[in-house]
Amino acid sequence: MSGAAAETMPQDSIIIVGAGVFGASTALHLSRRYPSYSIAVFDCSPFPSPRAASTDINKIVRAAYSDLDYCRLAARSHDIWRNDRLLSKFYHEAGMLSIRPYKGGAAAMLENFKRLGINKDAKIVTPDQVQTMFNGVFKHADFNKVEEFLWEPNAGWAEAANALEATVQAAVDNGVSYVSKAVSKLLIADQGCQGVELTDGSKHYANKVLLCAGAATARILAESAPQDPGLHAGPRFVAGAIIEAKVKLTSEQLEKYKATPAVLWDADPARGETMPPTPDGYLKFIRDIPLANKLFHPASQTYISVAPESAEGAEWTAPENLPKVLRDEMTTVIAGIFGPEAARELVPQHLRLCWEPLAPDEGWFVTPHPRCVNLYIATAGSGHAWKFLPVLGEFTVRMMLDPKGWEDDEFAKSWAWDRELVDSPDEDVIPRRQLADMR
C-alpha cells in the first residue's frame, strides 16, 4: 500500500491507525476473517506502545453495567477472557469491590445480572463487612458516607500490556503489516479518504481507513481537513488523562496486600481504584478525576485537547516529573482506600498520565464517518473499553465490511457519529481541569 497511486490501490486493503485496544482487536479479527486482505497497522511506537492507554500493567475485567446491552456484551467478553487460548493466560480472577453512586447504584447491576442469569454470587456488602473481608486490608479505609459496596467474586483483572502485545502479535503472525511510524494526517480527496500521510512525509493508500488513534484522534481529524469542521471531532469526545501510580511492594507488603481484590472506589475522598498485586509485585492506583490539555490548533482555528509530546506527560515516569498536586492526589487515593498508615508506607516509584478520548455519554464511537467515504472511526473508550478487547474487532469489522447488516445492529445507533450526546450522570466524565493549571 505504500506509495501506490490511489487509483491502483488494492480493493481489499485496509489501514488501521493506532494499535490500542480498538486497533489491535480489529487487526486480529480482520486477519482471521479475511486472510486475503492487505491490512496495515500504523502506530507511533513498536507494540505495545507505551503511550497507549491500553498499554498498562493491569486492567479490570468485569460485567457490571447498569446498561443491559453493555452488561450482556461484557459478560460475553469476560467468558472469552476466561477460556480463550490466546488471552486466558493473562487473566486473573480475584473479584471486584466497587462503590456505585451513579447509574442506579449496585442494585441496577444486580438486576442486570439476574436478567442475564450471570454472576449469581454477586451481592451488596456494607462497610462493616468490607472491613473484615480480604484479610482486613480495608480495616483503616475512609468510607466517608458510603453505605454499600457491590462485591463481584467472578470479576478479575488482566495483564493489560501483555494481552495487548499478544493480540497484535497474533495479527502480525496472520499476515498483518505493523509499521512503527506516526500518522500525521489522513489523505482526504473528493472521493473520500484514500490513505494516510506519515510524519516523515510518506503516503500510504488503502481502500478503507480505520482511525482509532486514541488521544490523537481529534488532532488527526483537524490536521486532515482544517477548514472542514464537518470532519472534526467537535464536542463528541475530549482527550483526557487520569493519573496512575505503581508501588513496588516489599515481600512483607506483598503478603499483607495479596488478598486485595480489584477496587473501584468512586467516592470521596479516594475517588480512585486499585488492583491486586501483579505477579512481579506491583500495586497500581488510579485517581479517577480526569484532566485535559487543551491547546490552540492554528490550522483549524480551534482548541483541541491533546496528550503532551513529552514522554513524561504520557508514559510511566519518575514522580518528580509530574506536578506535586497530582502526586498528592495519589496519596489521597491510597489513604482513602487503605488508610493513612498505608499512604506513608506505599510510596509510588512511577506515575503516569494515561490519555484517551472521553465521550460525554461514556459511549464509544464505532461508526463510518458520515461526511467522508471510506473513513471509519473506532474510539472514545471513555475509561471502560479495554475489557472488551476480545470482541471489539468483531463490531469494527462488521461496521466496515457489512454496512447494511451493521445498520440493524443494536449498537449501531448507540455508537454513531451523529448520535444525540446525553451527558452521563457521572459529572466527572469530561475533564473540568487543565494540565497547565496543575503546574
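Select strand β3 and strand β8 (residues 156-158), which pair in the antiparallel sense over three bridges; strands here, like helices, are DSSP runs numbered from the N terminus (helices H or I with at least four residues, strands E with at least two), and two strands pair if DSSP finds at least two bridges between them. The model is predicted, with local features needing pLDDT of at least 70 and side-chain atom pairs counting only at pLDDT 80 or more, while totals for chains, interfaces and linings use all residues. Residues are numbered from 1 along each chain as its sequence is written, and side-chain values use heavy atoms, with hydrogens and water left out.

Within this pairing, V61 has G156 of β8 as its bridge partner. Add β4 to the selection, and an open sheet of three strands appears in the order β3-β8-β4, with antiparallel pairing; β3 (59-61) and β4 (91-92) are its edge strands, each pairing on one side only.

Next, move to R62, which lies over the face of Y65 at 4.5 Å from the ring centre; a charge counts as sitting over a ring if NZ of Lys or CZ of Arg is within 6 Å of the ring centre and within 35 degrees of the ring normal. A second example to select is K246, whose charged end sits over the ring of W316, 4.7 Å from its centre.

Return to Y65 for the aromatic pairs, of which a search of the whole structure finds 30. Y65 and Y70 form a stacked pair, 5.4 Å centre to centre with 20° between the planes; rings of Phe, Tyr and Trp (its six-membered ring) pair if their centres lie within 6.5 Å, and planes under 30 degrees apart count as stacked, over 60 as edge-to-face and the rest as tilted. Y65 counts as buried at 9% relative accessibility, and Y70 is buried with a relative accessible area of 11%, where buried means under 20%, exposed over 50% and partly exposed in between (1.4 Å probe, protein chains only). Extending the selection, ring pairs link F22, Y65, Y70, W364, F388, F395, W406, F411 and W415 into a cluster.

Now select W81 and W386, a stacked pair 5.1 Å centre to centre with 20° between the planes. This pair links distant parts of the chain, since W81 is in helix α2 (residues 68-83) and W386 is in the loop between β22 (375-379) and α10 (389-401), 305 residues apart. W81 is buried with a relative accessible area of 0%, and W386 counts as buried at 6% relative accessibility.

From that loop, go to strand β13 (residues 208-211), both faces of which are covered: K208 and L210 on one side and V209 and L211 on the other are all buried. Strand β1 (residues 13-17) runs parallel to β13 and is joined to it by four bridges, with I15 opposite V209. Three bridges join β13 to β22, also in parallel, and here L210 stands opposite Y376.

Finish at the one cavity of 30 Å³ or more that a search of the whole structure finds; on a 1 Å grid over the protein atoms alone, a cavity is a set of points where a 1.4 Å probe fits but cannot get out, and lining residues have an atom within 4 Å of a point. The largest cavity holds about 60 Å³ of space, a volume being the space filled by probe spheres set on grid points joined across faces, edges and corners. To show its lining, select A19, G23, A24, A27, V41, V168, A171, V172, V176, S177 and Y178. α1 (21-33), α5 (160-173) and β9 (177-180) each supply at least two residues of this lining.

How values were computed:
1 Å grid on protein atoms, 1.4 Å probe; cavity = no way out; pocket = protein on both sides within 12 Å on 5 of 7 lines; lining within 4 Å.
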